[in-house]
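Here are some exercises to work through with the structure on your screen. Try each one yourself before you read the solution.

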Amino acid sequence: MWIIAIIAAAVLVGIDQLTKYLALVNLKPIGSTTVVDGFLDLTFVENRGVAFGMFSGKKWFILLLTLCIVAFLVYYFVKMPRTREYQWVRCAMVLVLAGAVGNMIDRVCRGYVVDFFEFTFFSWPVFNVADIYVVVGVIVLAALILFVIKEEPKLEKKKDEK
């Protein structure tokens, strides 16, 4: 289980970093290009904050927060029951972990996160592949927690008869 999760996370981080490298090499010099007119542009952005640019310029706080999230995910991944019911929870956690690590690599190596996907049919912040991992992972986790995973009923302890 561990090996598969580590390999999956590494592959996902690799895909994220490859797309960011391609954005740096091909998109940064031109700034922006239209992919689907009125729907999607590729726009190079140096994001120095987190979601929606929050905490911009607070690199060490963001890194510490990311490390805490990664530690939390790893801890619960290990402690989680190894039942089929939790298999999808683990997959969602790997997505969130890969997204967090992908963006953390950018912050450590560049001082900013490379964002490049921009929806043009409504106002939304520019984002990247790691952000997609995090959003999809959190949505899947929420759906599983709300609608799939059932808490085992707690059995009442029998009182000792005297």
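How many disulfides does the structure hold? Before you start, note that this is a predicted model, where local features need pLDDT of at least 70, side-chain atom pairs count only at pLDDT 80 or more, and totals for chains, interfaces and linings use all residues. Residues are numbered from 1 along each chain as its sequence is written, and side-chain values use heavy atoms, with hydrogens and water left out.

**Exercise 1. Work out the disulfide count and explain it.**

Step 1: A disulfide is a pair of cysteine sulfur atoms within 2.5 Å.
Step 2: Start at cysteine 68: the closest cysteine sulfur belongs to cysteine 109, and at 20 Å that is too far for a bond.
Step 3: So the count is 0 disulfides.
Step 4: For accessibility, buried means under 20% relative accessible area, exposed over 50%, and partly exposed in between (1.4 Å probe, protein chains only). Cysteine 68, at 46%, is partly exposed, while cysteine 109, at 61%, is exposed.

**Exercise 2. Lay out the sheet, strand by strand.**

Step 1: Helices (H or I, at least four residues) and strands (E, at least two) are DSSP runs, numbered from the N terminus. Two strands pair if DSSP finds at least two bridges between them.
Step 2: β1 (residues 32–36) pairs with β2 (residues 40–47) in the antiparallel sense, over 4 bridges. In this pair, threonine 33 sits opposite leucine 42.
Step 3: Look at the turn: 3 residues lie between β1 and β2 in this hairpin, and glycine 38 there has a positive phi of about 80 degrees.
Step 4: β2 also pairs with β3 (residues 113–119), antiparallel again, over 6 bridges. Bridge partners here include aspartate 41 with glutamate 118 and valine 45 with aspartate 115.
Step 5: Put together, that's an open sheet of 3 strands in the order β1-β2-β3. β1 and β3 are at the edges with a single partner strand each, so one side of each has no neighbour in the sheet. From one strand to the next, the twist averages 30 degrees.
Step 6: Now add a helix: α1 packs on the sheet and touches β1, β2 and β3, with its direction at about 80 degrees to that of β3. (Axes are lines fitted to C-alpha atoms, for helices over the stretch in contact; angles run from 0 to 180 degrees between N-to-C directions.)

**Exercise 3. Find out what fills the nonpolar core.**

Step 1: A nonpolar core is a set of buried Ala, Val, Leu, Ile, Met, Phe, Trp, Tyr and Cys residues joined through side-chain atoms within 4.5 Å.
Step 2: The largest one has 32 residues, and Val89, Met93, Val114 and Phe116 have the most contacts inside it.
Step 3: Two or more residues each come from α1 (2–27), β2, α2 (59–79), α3 (87–110), β3 and α4 (129–148). α3 gives the largest share, 8 residues.
Step 4: Zoom in on valine 114. Contact means heavy atoms within 4.5 Å, and leaving out residues up to four places away in sequence, valine 114 touches Lys20, Ala23, Leu24, Phe44, Val45, Asp106 and Asn128.

**Exercise 4. Check the length of α3.**

Step 1: The expected span of a helix is 1.5 Å times one less than its number of residues.
Step 2: With 24 residues, α3 should span 34 Å; the end C-alpha atoms are 35 Å apart, which agrees.
Step 3: Step past the end of α3 and you reach glycine 111, with a positive phi near 85 degrees.
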